[in-house]
Amino acid sequence: MVFKRPAKKQTEADLQSYASTVAQILLNIGIDPQQAAMPVQQGYGWNFKRGSAMVEIYIAVHEGVGYLQVLSPLIELPQANLLPLYRRLLETNLQITAAALGIHNDVVYVFHERPLEGLDSQEASNIINMIGAYADDLDDKLVQEFGGRLYGRI
Amino acid sequence: MPFRTLQLGIDAIQAGSAHEGARLIRIALKHDELPADMKAIALMWLAETEANPTGKRNYYTQAVAADPNNADARARLMRLMSPGSVTAPAQQAAATAQPAAPQAGRSINLAEHVASVVGGARGAGSGFFVSQDGLIATTRRVAGAKERLTVDLHDGRQLIGLVVRAYPELDLTLIQIDAAPPFLMPIVPEPRVADEAALYAFHYTGEAVRGSQRPTRRVLAVHWIPTTIKQLKDEGGGPLIDERGMLAGMITKNTSQTSEYYYALSIQAIRACVENYQAALASGTRRSYCPACGASSIAGGQGYFYCETCGGTLPAAMHISRYPIPQAAVLYETSTTRCTKCASAAGIYQSKCLRCGQGQY
Ligand SMILES: [Zn+2]
């Protein structure tokens, strides 16, 4: 996972059970987990399209606790005039609920994370829809105003 | 002097002026100081400009005579001599790393130009030489924000590649390695790949995916080549070669919003970036690579902490204690206009100060 590295290694069995939970959740919301699976260095990852947004899901283990991470890469940063964009991202960050905007390298993400424990598929589905909806709403607006390009698109 | 003339000739051919290039190379060949191996290379380039098979064969014969150790010249000559080579089918690209070229005389040993790039954020990708002094082009997607990558060459050498510059808007990363190609691949002379022209996206193993230019009604920047390719064996970055065996660009995994087809980046755009990077290097201003945005940071060259292009913390400053450096501020001030309320030179955007957010009236 890009943002956090597990500090302590969880057992493979723990990870696997988290993974099958998420796979089941994906099935419930109409996504084939096998098709969506992507190779990650540690843990598990899936990616798929939800509307026009690309959604990535990871199971990451941080200090022994499993987390569900749902994120969507929005735009690749433009070459110039970054300060107004950065300011806008911070302003928007304060307005959106239950999600965060952030930058990793040269890509702007919208991101949500919560512990896996107690997660049900309804909630997971809500999170995925929420991240997808934020992404859908923000990506075009940001590109239109500040330039750059949609993540991985031309 | 003959070296310079030869280089100018090769540059001219690569830029599409075959006639002018051939003229310069002939001038270079008149000088006795040109060593035999260079003579052979010059003759091979002349062969590139020659459409007539007999003329082409003559140049290769002379190249082999000048430098009997030039295996490439010998191989090309052999191919030209073998009956039926000119009509060889286009698809046997796999395994031999030969670009599928119906005119075998123009084909080159692609394996010498392609590398595998390992250690990026995703899986392995491909790359290829874009300068005689060891610059390799790959995609930003392959390289990610790494500063160092492993580059495997066809002869088994495994080298450390230093990422020196990236152009994320073009999905292009330049990597410096300590190795040189025998010569640069000939590039397409046309500024634009023709509609539906056959194209081959090469993988570092030498395998190729066949596709073609995909005509589109969309108004597209000239540096993007739409293709019919939808699947690659790696993360991209390999050379895109046309039917003539000429380099048209680099395959990427970028798509449009409405289709799954990949776009390639034109070789002309890649060359412009290489020149831009080399010019910055030659200017003498100390710079350092910013992995976050790909820029050559002047702030980094000065030992300051943050990239002036993206604001990212530079690698050399990552694990040290950082503090405000007043003399560095000028690099980060984006405006000559100061805020009427707080006097900051952060800049005014939509009539509001970017520092204090107050309106400017
Ligand atoms: Zn930067």
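Start by selecting Glu207(B): with a relative accessibility of 31%, this residue counts as partly exposed. Keep in mind that you're looking at a predicted model. Now add Lys233(B) to the selection. Glu207(B) and Lys233(B) form a salt bridge, with their closest N and O atoms 3.3 Å apart. Color the backbone around each of them and you'll see two loops: Glu207(B) sits in the one between strand E7 (198–202) and strand E8 (208–212) of chain B, and Lys233(B) in the one between E9 and E10, so the pair ties together parts that are 26 residues apart in sequence.

**Staying with Lys233(B)**

The loop that holds Lys233(B) runs between strand E9 (224–226) and strand E10 (239–242) of chain B. What does Lys233(B) touch, leaving aside neighbours within four places in sequence? Show His203(B) and Glu207(B), and you have its contacts. The Glu207(B) side chain also makes a polar contact with the side chain of Lys233(B), at 3.3 Å. If you want a sense of scale, draw a C-alpha to C-alpha distance from Lys233(B) to Ala12(B): they are 34 Å apart in space and 221 residues apart in sequence.

**Along the loop to Glu235(B)**

Next, select Glu235(B) and Lys253(B), which form another salt bridge, this time with the closest N and O atoms 3.8 Å apart. This pair links distant parts of the chain: Glu235(B) is in the loop between E9 and E10, while Lys253(B) is in the loop between strand E11 (247–251) and strand E12 (263–266), 18 residues away. Are these two buried or exposed? Switch on the surface: Glu235(B) is buried, at 15% relative accessible area, and Lys253(B) is buried too, at 17%.

**Strands in chain B**

Now move to strand E1 of chain B, residues 114–118, where four of the five residues are buried. E1(B) has strand partners to pick out. One is strand E2 (residues 125–129), paired antiparallel with E1(B) over four bridges; look for Val114(B) standing opposite Phe128(B). Follow the chain round this hairpin, which has six residues between the strands, and stop at Gly119(B), where phi is positive, near 105 degrees. Another partner is strand E4 (residues 148–152), which runs antiparallel to E1(B) and is joined to it by three bridges. Here, select Val117(B) and Val151(B) to see an opposing pair.

**Over to chain A**

Jump to strand E3 of chain A, residues 53–62. Eight of its ten residues are buried. Show strand E2 (residues 44–50) alongside: E2(A) and E3(A) pair antiparallel over seven bridges, with Gly45(A) opposite Tyr58(A). Two residues lie between these strands in the hairpin, and Gly51(A) has a positive phi near 65 degrees.

Then add strand E4 (residues 65–76), which also pairs with E3(A) in the antiparallel sense over seven bridges. Glu56(A) has Leu71(A) as its bridge partner here. This hairpin too has two residues between its strands, and the residue to click on is Glu63(A), with a positive phi near 45 degrees.

**A helix pair and a network**

Still in chain A, find helix H4 and select Asp137(A) and Lys141(A), four residues apart, about one turn of the helix. Their side chains meet in a salt bridge (3.1 Å, N to O). Asp137(A) is partly exposed at 39% relative accessible area, and Lys141(A) is partly exposed at 47%. Now select Arg87(A), Arg88(A), Glu91(A) and Glu145(A) together: salt bridges link them in a network. Over all chains, the whole structure has 15 salt bridges.

**Where the chains meet**

Finish at the interface. Here 22 residues of chain A are in contact with 30 of chain B. About 2000 Å² is buried between the two chains, with carbon and sulfur atoms giving 46% of that area. On the chain A side, highlight Gln79(A), Arg87(A) and Ile154(A), which lose the most area to chain B and together account for 32% of what that side buries.

How many salt bridges cross the interface of chain A and chain B? The rule finds two. Zoom in on Arg140(B) and Asp106(A), whose side chains meet in a salt bridge at 3.0 Å, N to O. Across the interface there are also 15 residue pairs in polar contact. To see what chain A brings, color helix H3 (82–95), helix H4 (121–146) and strand E7 (149–150), the elements that each give two or more residues to the side touching chain B. H3(A) supplies the largest share, six residues. Color that side by residue type and you get eight nonpolar, five polar and nine charged residues.

How values were computed. Residues numbered from 1 in each chain as written. Chains lettered and ligands numbered in written order. Predicted model: local features only at pLDDT ≥ 70, side-chain atom pairs only at ≥ 80, totals over all residues. Heavy atoms only, no water. Contact = heavy atoms within 4.5 Å. Polar contact = N/O pair within 3.5 Å; in protein donor to acceptor, adjacent residues only side chain to side chain. Buried < 20%, exposed > 50% of the residue type's maximum accessible area, 1.4 Å probe, protein only. Pairing = 2+ DSSP bridges. Buried area = accessible area lost by both parts, 1.4 Å probe. Salt bridge = Lys/Arg side-chain N within 4 Å of Asp/Glu carboxyl O. Nonpolar A, V, L, I, M, F, W, Y, C, P; charged D, E, K, R; others polar.
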